[in-house]
Amino acid sequence: RAWGHRTATPFRPRLGQGGPSAAAAVRWVCERKFLKKKDADTKSLPFLVRRTPSGNLPVYVHSTLGRGKITRVRRVFGDAEHLAGEVGRLCGTVPRVGSGGRKAVEVSGVHEERIKEWLQSLGL
């Protein structure tokens, strides 16, 4: 076949043809009510929660196999046990520090808004 037989542009499926959905496009927008505070000093905190590349706080709600929900705080650096204690006191549940290569704190229930507001008040 000749070189010019196929077009050089990659195939981009239309919406509804198995390509990225509209919800995936919204994912890259930073949530306005949880914007990072300017000139906030976080050096005195024993832990750090880094924001995602889009500027959002990495707090997510996941479904469990038994129809329950857990809230997970990802991208934790420093003393994850201290963060787990603070989040547990804030939510009124027993926290768990996720094991593995990256640190994460999990609490049972849906506490995404409460944890994000608290992390923003700390200046993270």
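Where do Glu86 and Arg89 lie, and how many residues apart are they? I looked this up first in the model, which is a predicted one. Both residues sit in helix 2 (residues 80-91), three residues apart, about one turn of the helix.

**Entry: Glu86 and Arg89.** I checked the side chains of this pair and found a salt bridge, 3.3 Å from N to O. I then looked up accessibility. Glu86 is partly exposed, at 21% relative accessibility. Arg89 has a relative accessible area of 60% and is exposed, because the cut-off for exposed is over 50%.

**Entry: count.** I listed the salt bridges and got four. I note the general background that side chains of opposite charge can pair when their charged atoms come close.

**Entry: Glu106 and Arg96.** I looked up the closest N and O atoms of Glu106 and Arg96 and found them 2.6 Å apart, in a salt bridge. Glu106 belongs to strand 5 (residues 103-108) and Arg96 to strand 4 (residues 96-98), so this pair ties together parts that are ten residues apart in sequence. I asked whether Glu106 is buried or exposed. Glu106 is buried, at 10% relative accessibility. Arg96 is partly exposed, with 46% relative accessible area. I also followed the links from this pair: Arg72, Arg96 and Glu106 form a network of salt bridges.

**Entry: Lys116 and Glu112.** Here I found a salt bridge with the closest N and O atoms 3.3 Å apart. The two residues are four apart in helix 3 (residues 112-122), which means a separation of about one helical turn. I recorded a relative accessible area of 4% for Lys116, which is buried. Glu112 comes out as partly exposed, at 24% relative accessibility. The cut-off for buried is under 20%, so a value of 24% falls outside that class.

**Entry: second largest pocket.** I turned from charge pairs to empty space. The second largest pocket has a volume of about 150 Å³. Which residues line the second largest pocket? I wrote down Arg74, Arg75, Val76, Phe77, Gly101, Arg102, Lys103 and Ala104. Strand 3 (69-78) and strand 5 each supply at least two residues of this lining. The largest share, four residues, comes from strand 3. I sorted the lining by class and got three nonpolar, one polar and four charged residues.

**Entry: cross-check.** Strand 5 turned up in two of my searches: Glu106 of the salt bridge with Arg96 lies in strand 5, and strand 5 also supplies at least two residues of the pocket lining.

Key:
Residues numbered from 1 in each chain as written. Predicted model: local features only at pLDDT ≥ 70, side-chain atom pairs only at ≥ 80, totals over all residues. Heavy atoms only, no water. Buried < 20%, exposed > 50% of the residue type's maximum accessible area, 1.4 Å probe, protein only. 1 Å grid on protein atoms, 1.4 Å probe; cavity = no way out; pocket = protein on both sides within 12 Å on 5 of 7 lines; lining within 4 Å. Points joined across faces, edges and corners; volume = space filled by probe spheres on them. Nonpolar A, V, L, I, M, F, W, Y, C, P; charged D, E, K, R; others polar.
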